[in-house]
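Let's take a walk through this protein together, one stop at a time. Keep the picture open and turn it as you read.

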Amino acid sequence: MRHWNLTRDAHGIAWMRLDTAGASMNKLSAEVLAEFSAQLDEFDLKPPAGMIIQSAKDSGFIAGADVEEFKALDNPQQAQEIIARGWHLFNRLAAVPYPTLSLIRGICLGGGLEISLACRYRIAVDEPATRLGLPEVLLGIVPGWGGMMRLPRLIGPQAALDMMLTGKTLDARRAKRAGLVDLAVPARLMERSAAELIRSGRRPHRPSGLPALMNHPLMRPIIAAMAKKQVAKKARPEHYPAPYAIIDLWQKADGDPLKMPQLMQTIIGSPTTKNLLRVFFLQERLKSLGKESSFKAKHLHVIGAGTMGGDIAAWGALRGLTVTLQDQDISRIAPAMGRAGALFKKRLRDPLLHRAAMDRLIPDTTGEGIQHADVVIEAIFENLQAKHALLQQIEPRLKPGAILATNTSSLRIEDLRTALADPSRLVGIHFFNPVAMMPLVEVIAAVGTQPQAAADAAAFVRSIDKLPLPVKSAPGFLVNAVLAPYMLGAMRKLDEGIAPSVIDAAMRRFGMPMGPIELADTVGLDIALAAGRQLSDVASPPTCLMERVEQGHLGKKSGRGFYEWSKGAIANRSDVAAIPEGLAESLIAPLVDRTEALVQAGVIADADLADAGVIFSTGFAPFRGGPLNWNKTRSIRG
Ligand code: NAI
């Protein structure tokens, strides 16, 4: 076998270790499944005492099906074959007479969880990397290899639908509590526990009480109606058909996609599925842009412990770097340390890991860290003179080969670097606010920037689990440059008399996570005005914006802007009865046009990267596949 490695232990247990050839992460490609199937044929002739499925890779258990093969989804025949392949194989696995066990360490997603669900037992290794889930819905598809049938039977339909409809994953302990795995064990005990459990003769886990009852055919319509109501709060069926299909398939076909071919065709042929797969591949492309250099950082030094610098430092420490955080005095660093503590607590539930992350983040009032750092990012006030003075101080203290970066939003790299003896080493590493939430980071190179410095910066960004987007130096780079005309355009509609809530509702219905007026209030109207002046080609800003800034109504931070704000939320959001036809299209047009113009101008390498940048920074309706893709196809209206 090319992908599986089979050994037998003294008790006659067959250990099937998956090591997908030519891939860093295990995937269930057609070939991997064919080999597995052939092995089951052999086991039919000579059954082992038991079979344990495990990963031979350190990178995790199984990431899922091979999404590359989904490119064939356009062809209904092939799509049907992909579904049938896993559905039949895993049914066969579930029916073998000998005990089977899936030993899960690291990520176990999609098809990886479905093969595990078809085993009699499951053990998860209790460590942070272990995550179990069926995230197919995020790609616009359904868990068609038995997940929709077996997960509800195992943990009850409500918990199962919650996982399948949101794509959320469980760690080992939660999986144990939910009944998804039989045991959660530390790594050192995993193999022994697996060997014991598989020989135990224990009855496979089944839910009891209410969760079991809910699976009864008479209860299913009620549960399904409740689930649809929940889904409807977040996603409309014409935008996101897959979650609705999951509910229908579970309710009416016990999770068997082959019983509802019509429904499956609709899902597979929908523009949403095509676009969500597109977004997946765009994300893979951004990740690969971080692989063009082998740069590795251990120590990050951040200067300026304000909103951005503090959060960049915290993120770096969370991701395992040693981080020194510099500001003028300790009182300015203290709030950032407090925020970092809250982030670590939320993301690292284990107190020991939390403590270790805190230890990695070191306040530094003298800039001691500069000489040791592999990456230095300045995030001080947006002031050219101050940044010049700082860059001049930093440069002689840098390690050779260290990245020197600025997080500036609006100053030109070309102007900033004049302070340096070697101007070619300065790059922009532009994070978005809030740092922990935003996956994209723009990596900015100007004419004359060392290509190696830009490639190293992209590798650094990827190493801290963000998506690097290479952009050429230009006002507002990509993201702010496309947001400015969009937000100003929305405000001009306000000047024309359309209510803020109507504008925001139109764009939320279009699929944006937040409307442009609420976004302006959140960013701060003073900042929106300054950015608008810098980035818009229209002479005078919208009247509604100027008036509010003059009156000191700056949005969320001052309690009042276009909306009234209380405790961080809009206090006077009103219900919107009707949205004028075509409003969303006219609101999004300036963003689309500017994106197009920046591609034309070469600020961003191509239309796909531009779409990726806008999606992963603004949350631009992923099911539309990005602004340029949407504009080209206009396949989903409203
Ligand atoms: P901020 O005003 O919250 O923090 C700036 C910090 O820099 C302050 O704590 C200040 O004490 C410190 N500082 C100033 N001069 C210093 C020096 N010479 N040495 C050490 N520390 C010094 O600023 P914010 O908002 O964090 O912005 C920082 C940079 O990030 C700016 O260049 C801005 O354009 C950029 N940026 C800001 C975003 C935002 O949403 N606030 C988003 C993306 C980039």
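Start with a pair of helices, H9 and H10, which run roughly antiparallel to each other because the angle between them is over 145 degrees. Keep in mind that you're looking at a predicted model. In general, two packed helices are described by the angle between their axes and the distance between the axes. Here, helix H9 covers residues 220-234 and helix H10 covers residues 241-253; their axes cross at roughly 175° and come within 10 Å.

So who's doing the touching? From H9, the contact includes Arg220, Pro221, Ile223 and Ala224, along with Ala227, Lys228, Val231 and Ala232. H10 answers with Pro243, Tyr244, Ile247, Asp248, Trp250 and Gln251. Sort this contact by class and you get 10 nonpolar residues, three charged ones and one polar one.

Now move over to the ligand. There are 20 residues around the ligand, and the ones that come nearest are Met308, Asp327, Arg332, Glu382 and Lys387. Two of these names come back when you look at oxygen atoms of the ligand. A side-chain N or O atom of Glu382 sits 2.6 Å from a ligand oxygen, and for Arg332 the distance is 2.8 Å. Gln328 joins in too, with a polar side-chain atom 3.3 Å from an oxygen of the ligand. How much of the ligand does the protein cover? On its own the ligand has 830 Å² of accessible area, and the protein covers 79% of that. The shell around the ligand is a mix by class: nine polar, seven nonpolar and four charged residues.

Finish with two loops that hold backbone oddities. Between strand S15 (426-430) and strand S16 (440-445) there's a loop where you'll find Pro434. The peptide bond leading from Asn433 into Pro434 is cis, with omega near -5°. Then find the loop between helix H18 (451-463) and strand S17 (467-472), which is home to Asp465. Asp465 isn't a glycine, yet it has a positive phi of about 70°.

Notes: Residues numbered from 1 in each chain as written. Predicted model: local features only at pLDDT ≥ 70, side-chain atom pairs only at ≥ 80, totals over all residues. Heavy atoms only, no water. Near = heavy atom within 4 Å. Polar contact = N/O pair within 3.5 Å; in protein donor to acceptor, adjacent residues only side chain to side chain. Areas by Shrake-Rupley, 256 points an atom, 1.4 Å probe, with all protein chains shown as cover. Nonpolar A, V, L, I, M, F, W, Y, C, P; charged D, E, K, R; others polar. Axes fitted to C-alpha atoms, helices over the stretch in contact; angles between N-to-C directions. Helix = DSSP H or I, 4+ residues; strand = E, 2+ residues; numbered from the N terminus. Parallel < 35°, antiparallel > 145°, perpendicular 65-115°, else oblique. Contact = heavy atoms within 4.5 Å.
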